[in-house]
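Biologist: Hi! Could you walk me through this one?
Modeller: Happy to, let's have a look together.
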Amino acid sequence: MRSPAAVARLGGRWRAREGPGSGIPAFAADGGVKVPAAWLVGRAGFPNGYRRGGVGISSRHALALVNFGGTSTELLTLAESVRDGVEARFGVRLEFEPEVVG
């Protein structure tokens, strides 16, 4: 959740980098503005289907990390890399919301 002013600044920086026709998706929620985390992840260099060693990002959803036979350490390292990559590119720090499936 970001303030409208923070999202406007973020959008301005993005347009300056990507061009005047580009924009950041956002929607009002609970007195603030939300930017889809999946969009941020993909634009930070971690697209759907991204793999690193035995772990990766789901081909169906950018917020689902998948273990393809790697280690828990690899999975946690990828999660941290994604979080840090989004923060470095956009100045937005994602919070981990882990849900273990399987």
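Biologist: Which residue in E5 is the bridge partner of Ile 57?
Modeller: That's Leu 65. Keep in mind that this is a predicted model.
Biologist: Okay! How many bridges join E4 to E5?
Modeller: There are 3 bridges. Strand E4 covers residues 55-57, and E4 and E5 run antiparallel.
Biologist: And what's the strand order in the sheet?
Modeller: The order is E3-E4-E5, in an open sheet of 3 strands with antiparallel pairing.
Biologist: Why do E3 and E5 each have one side without a neighbour in the sheet?
Modeller: Strand E3 (51-52) and strand E5 (65-67) stand at the edges with a single partner strand each, so one side of each has no neighbour in the sheet.
Biologist: Got it. Which helix lies across those strands?
Modeller: That's H3, residues 72-90. It lies across E3, E4 and E5, and runs at about 35° to E4.
Biologist: New topic: pockets! What's the volume of the largest one?
Modeller: About 1,300 Å³. Its lining has 30 residues, and the closest to the centre are Leu 63, Glu 95, Phe 96, Glu 97 and Pro 98.
Biologist: Which element gives the largest share of that lining?
Modeller: Our helix H3 again, with 6 residues. Strand E2 (32-34), helix H2 (37-43), E5 and H3 each supply at least two residues.
Biologist: Nice! And how many of the lining residues are nonpolar, polar or charged?
Modeller: The lining of the largest pocket has 21 nonpolar, 2 polar and 7 charged residues.

Note on methods: Residues numbered from 1 in each chain as written. Predicted model: local features only at pLDDT ≥ 70, side-chain atom pairs only at ≥ 80, totals over all residues. Heavy atoms only, no water. Pairing = 2+ DSSP bridges. Helix = DSSP H or I, 4+ residues; strand = E, 2+ residues; numbered from the N terminus. Contact = heavy atoms within 4.5 Å. Axes fitted to C-alpha atoms, helices over the stretch in contact; angles between N-to-C directions. 1 Å grid on protein atoms, 1.4 Å probe; cavity = no way out; pocket = protein on both sides within 12 Å on 5 of 7 lines; lining within 4 Å. Points joined across faces, edges and corners; volume = space filled by probe spheres on them. Nonpolar A, V, L, I, M, F, W, Y, C, P; charged D, E, K, R; others polar.
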